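Opened the model today to go through its holes, its ligand site and a few residues. Notes below, in the order I looked things up.

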Amino acid sequence: MRRPALVYVLMAAVIAAAAGLAYYGYRYSRELSIRERAVILDTMRELAEEKIIGIESELIKSANAVFHRVDISNLLELQKFLGTERPAIESVVILDESLSIVPGGFFTKRRGDQIAEFRELLQSRVIADLDLPNAQVDQRGDLHAYYHGRPYLFSYMRQSSAGRTYYVILEADLDYLVSTVFPQFFAVRSPRLYQVVDSAGELVYGFDFSSAPGDVVVELSFVETVDRWRLRVAQREGMALASESSRRAMDLLLIGSALVVILAGLAILLWGLRREQRANELKSEFISNVSHELKTPLSIISMFGEMLALGRTRSVEQATEYAEIIWRESQRLARLIDNVLDFAKIERGVNAYEFAEGHLEDVIERAVALSLRRVQSADMIIETQIAPGLPVLRMDEGALTLATLNLIDNAIKYAPSGKRIELSLRPEPDRVALEVRDFGPGIAVDEQARIFERFYRARAVRLKPIRGSGIGLALVKHIAEAHHGDVEVASEPGQGATFRLWIPAPARG
Ligand code: ADP
């Protein structure tokens with residue numbers, strides 16, 4: 001398999017593995033938290049059940065203790081017992097078979113008017129609601145009911161002794177239940193919050209915890225005794241479940257950032273790979289371009305040299321013309337080799353420049369003189385404008401000559417249709433600017449920055465038989481930057497191109 005193909009396959013495998021891992025991690029963390037939540041809710045439910053059983057068995061125990069004490073023939077004994085030992089019972093009432101209160105069979109902790117009120121309530125409503133005739137002997141029954149908006153808990157039992165059947169009704173002391181029994185069961189310093197509510201959701205006991213998230217509250221009804229009340233349990237705020245959601249967010253963040261890192265790494269790798277690939281392509285293109293560029297002038301030189309050597313000329317003028325061709329081509333060859341050598345030096349990072357004080361106008365004049373013949377043979381003219389009074393600059397004359405020659409060469413190569421090259425050199429605040437302007441086809445906007453990249457050749461010329469290696473402008477840019485200046489292009493396609501090279505001038509003192 002070819003190397004790039006192998007790399008792509010490997011990358012796809014890495015992405016798939018990373019995605020799989022992320023998915024697995026995400027699912028694992030989700031399942032874990034679902035399981036954790038289920039465990040917490042189960043624990044809370046079990047606790048709630050335990051509390052309910054505990055509270056109800058307290059209520060039943062104290063009721064049973066009274067039921068077993070009732071002796072219809074010795075009610076005084078019962079009165080004594082109630083007075084000393086049973087704080088959880090508010091009232092005891094004993095009815096005969098016709099559901100009338102037996103003489104001496106009414107005990108209550110109530111005082112004053114409340115005694116008569118309670119008796120009245122009992123006779124008018126409670127006894128009917130208890131459904132006593134259907135009660136089984138020695139079987140406890142319970143009624144949790146609201147009368148005039150107040151809660152009551154009654155336990156009742158049908159009993160018989162010495163051939164007499166009677167009913168015992170107990171009223172539980174709900175104030176005692178709420179104020180003393182509940183606090184014993186629902187320790188204040190527990191990691192959970194408890195609350196008892198009635199069927200309308202009104203708070204009977206405990207703190208309001210409406211702020212707890214709804215899905216972490218367990219709610220169970222009391223079963224046998226106060227069955228119109230419900231026990232609600234919530235996790236204290238900031239405990240397990242709350243922190244669990246932030247832990248999941250953390251898990252997600254970690255998984256997400258790991259994925260991002262992996263993908264970013266792969267993207268950088270891919271980008272590097274593509275760059276390397278592109279650079280390799282450009283290099284081989286460059287080699288073939290340069291070889292081609294070397295070959296053409298060389299074969300021209302060799303052909304005309306041979307003609308001259310063999311005396312195959314018809315006139316002196318023709319011989320001069322051949323010699324000129326040889327001279328021109330050898331100059332082009334020299335420049336190309338200069339370009340390649342300088343470029344190679346720059347690529348190797350060798351300091352390729354030698355700076356000395358000099359005049360840029362001299363450089364420009366030399367470059368124009370050197371290009372004149374090529375300009376003429378391209379049937380073009382070159383107009384030079386050099387402003388007077390230019391400052392002395394520190395520069396590498398050889399390098400700047402090469403840069404100018406490259407710019408003029410390009411105008412000849414790519415813009416002969418414009419017929420004219422304008423070259424101007426003028427001072428600007430703090431710098432000196434050289435402009436080479438042609439009137440040829442110009443450069444597409446999206447390629448204007450790219451033509452300064454090494455080996456880059458514009459789309460418009462790639463298919464044309466215009467020789468080039470793509471290093472000329474890269475070299476010009478490098479030379480400008482070595483002088484702490486820069487080069488830029490302004491061009492409107494079809495309107496020609498203006499290359500502007502500037503280098504900073506020393507402040508005038
Ligand atoms: P080369 O000329 O060897 O291809 P350069 O680096 O000198 O390399 O130029 C890069 C590209 O910029 C050229 O291939 C050409 O497409 C474009 N270019 C340069 N100068 C001009 C110009 N004056 N007019 C139009 N296109 C130009």
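**Cavities.** I started with enclosed space and got two cavities of 30 Å³ or more. My rule: on a 1 Å grid over the protein atoms alone, a cavity is a set of points where a 1.4 Å probe fits but cannot get out, while a pocket is an open set with protein on both sides within 12 Å along at least five of seven lines; lining residues have an atom within 4 Å of a point. Grid points are joined across faces, edges and corners, and a volume is the space filled by probe spheres set on the points.

Note to self on provenance: this is a predicted model, so local features need pLDDT of at least 70 and side-chain atom pairs count only at pLDDT 80 or more, whereas totals for chains, interfaces and linings use all residues. Residues are numbered from 1 along each chain as its sequence is written, and side-chain values use heavy atoms, with hydrogens and water left out.

The largest cavity holds about 80 Å³ of space. It has 13 lining residues, and Leu59, Ala63, Leu153, Ser155 and Ala172 are the closest to its centre. I checked which elements give at least two lining residues here and found α1 (3-69), β4 and β5. Helices (H or I, at least four residues) and strands (E, at least two) are DSSP runs, numbered from the N terminus. α1 has the largest share of this lining, four residues. By class I get eight nonpolar, three polar and two charged, where Ala, Val, Leu, Ile, Met, Phe, Trp, Tyr, Cys and Pro count as nonpolar, Asp, Glu, Lys and Arg as charged, and the others, Gly among them, as polar.

The second largest cavity comes to about 30 Å³. Trp327, Arg328, Gln331, Leu370, Arg373 and Arg374 line it, and α6 and α7 are the elements that give two or more of these residues. The classes are two nonpolar, one polar and three charged.

**Pockets.** Next I went to the open ones. The largest pocket has a volume of about 980 Å³ and 46 lining residues, with Asp409, Asn410, Lys413, Tyr414 and Ile466 nearest its centre. Which element gives the most to this lining? That is α8, with eight residues. Elements that supply at least two include α6 (316-348), α7 (360-377), α8 (397-414) and α10 (472-482). I sorted this lining into 22 nonpolar, 10 polar and 14 charged residues.

The second largest pocket is about 480 Å³. Of its 21 lining residues, Arg110, Gln114, Arg150, Tyr152 and Glu171 are the closest to the centre. α3 (113-130), β4 (150-161), β5 (164-172) and α4 (174-185) each give two or more, and α3 gives the most, seven. Its lining has nine nonpolar, three polar and nine charged residues.

**Ligand.** I counted 18 residues around the ligand, and the closest are Tyr414, Asp438, Arg457, Ser469 and Leu473; near here means one heavy atom within 4 Å. Then I looked for polar contacts (N or O pairs within 3.5 Å). An oxygen atom of the ligand is 2.6 Å from a side-chain N or O atom of Arg457. Lys413 puts a polar side-chain atom 3.1 Å from a ligand oxygen, and for Gly470 a polar backbone atom is 2.9 Å from one.

**α10.** Leu473 took me to this helix. Its buried residues (under 20% relative accessible area; exposed is over 50%, partly exposed in between; 1.4 Å probe, protein chains only) are Gly472, Leu473, Ala474, Leu475, Val476, Ile479 and Ala480. They pack against α6, α8, β15 (486-491) and β16, contact meaning heavy atoms within 4.5 Å. After α10 comes His484, whose phi is positive, near 65°.

**Two residues.** Is Arg335, in helix α6, buried or exposed? Arg335 counts as buried because its relative accessible area is 9%. Leaving out residues up to four places away in sequence, Arg335 touches Arg374, Leu402, Leu405 and Asp409.

Leu294 sits in helix α5 (residues 240-309) and is partly exposed, at 29% relative accessibility. With the sequence cut of up to four places, Leu294 touches Leu333, Leu336 and Ile337. The C-alpha atoms of Leu294 and Leu336 are 7.8 Å apart, with their positions 42 residues apart along the chain.

Technical notes: Polar contact = N/O pair within 3.5 Å; in protein donor to acceptor, adjacent residues only side chain to side chain.
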